[in-house]
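Colleague: Before we discuss particular assignments, I should like to see the model and then ask how its terms are applied.

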Amino acid sequence: MAKTALRDVRVFDGRGLTEPRTVVIDGSVLGTDSAGAREIDAAGATLLPGFIDAHVHLTAPEQLADLAAWGVTTALDMGCFPAERVAALRSAGPADFRSAGPPAIGPGGMHARIPGMPASSIVTTADAAVRFVEKRVAEGVDYVKGVAEAPGDGGPPAEALQALVDAARERGLHTVLHAATPGAYHLAVATGARFVTHVPTIGRIAAEDVAAMTAAGQTAVPTLTMMEAALTRFAGAAGDFVANAAALHAAGVEILAGTDANAQPGAPAEVAHGSSLHREFELLAEAGLTPAEILRAATVDPARAFGLTDRGEIRPGLRADLVLVEGDPVADLSATRAIRTVWCAGTEI
Ligand SMILES: [Zn+2]
């Protein structure tokens, strides 16, 4: 297997940058022995674990290349259908792809109008929610996605959402619940779902719901890039999405970097794959996260939260998913855009 040694490179270790050192890529993983390796002088550059975008939607394999070009080596898809498309994307590369398959939705609201949304995604009873989860398990999904809406907004009823979360948990799967209004957020948090994604664009998350998330150890994937893009629908409004993320962070809720990147007809806004993650970093900084916290939110934290034990850090034995950038992104976050080289499982792209 081909070996590459990066010389004199500083490494993001989850807290800050190490002193310059040698990092060895040995085949698809990180190694220790640089004997016989091709050498790259990386003085002045920083090596980061490959980024994980914790909320994307893929419709075409080229989007995996777009993601990788911007340093996103793992794409956590939060709604993809039909099953044949999911299967094809799993082996397409170069970025690694995980998926919820289709989401569980209610009969009304925006999601029910997305072209191609399977009719079987509409879940209106607890029994239907259990059957939905059983079908996803049979398809081999990595987690379950559901859409919470405020009462009256056309989402699944509360008992169906609860049954979805419980049925997934009984089968060893986490649930990610979409919630983009304060009322939806209340419903989503109350189910105990492991992940709540989006934040209200307009309107504040209730303080009791923020406190409940902290107490339950739930994780938020705010997708501020999408909320910013969707704000154009609310002409003139300043938006509450950054303040909502700031409140979650201040309360100690774990925040992951996710963009809702998509090219999906019917979505509130199109968000570019890959480049959007760097905009998400800027918005997370506005919400009060430090650069080191933001880099964690796109590497080690999503790897742990989603059980991806083979990635998210730079140490021997883990997948060689790597981003080499010019400069010091802990001192200046904009350095994440100054990408020199990306490796996906040891393959330079
Ligand atoms: Zn989404």
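Modeller: Two strands count as paired if DSSP finds at least two bridges between them. Strands (E, at least two residues) and helices (H or I, at least four) are DSSP runs numbered from the N terminus. This is a predicted model, in which local features need pLDDT of at least 70 and side-chain atom pairs count only at pLDDT 80 or more, while totals for chains, interfaces and linings use all residues. Residues are numbered from 1 along each chain as its sequence is written, and side-chain values use heavy atoms, without hydrogens and water.

Colleague: What makes β1 and β2 a pair?

Modeller: Five bridges join β1 (residues 3-11) to β2 (residues 21-26) in the antiparallel sense; the criterion is at least two, so the two strands pair. Lys-3 stands opposite Asp-26 in β2.

Colleague: How do you know that β2 and β3 pair?

Modeller: Three bridges link β2 to β3 (residues 29-31), again antiparallel, with Val-24 opposite Gly-31. Two residues separate the strands of this hairpin, where Gly-27 takes a positive phi near 65 degrees.

Colleague: Why are His-55 and Asp-260 called donors of the zinc ion?

Modeller: A donor is an N, O or S atom within 2.8 Å of the metal (3.2 Å for Na, K and Ca). His-55 (NE2), His-57 (NE2) and Asp-260 (OD) coordinate zinc at 2.0 to 2.2 Å, so they qualify as donors. Water is not among the atoms, so the site may look incomplete.

Colleague: What does the pair of His-55 and Asp-260 tie together?

Modeller: His-55 lies in strand β6 (residues 51-56) and Asp-260 in the loop between β13 (254-255) and α9 (275-286), so the pair ties together parts 205 residues apart in sequence. Both are buried, that is, under 20% relative accessible area (exposed is over 50%, partly exposed in between; 1.4 Å probe, protein chains only).
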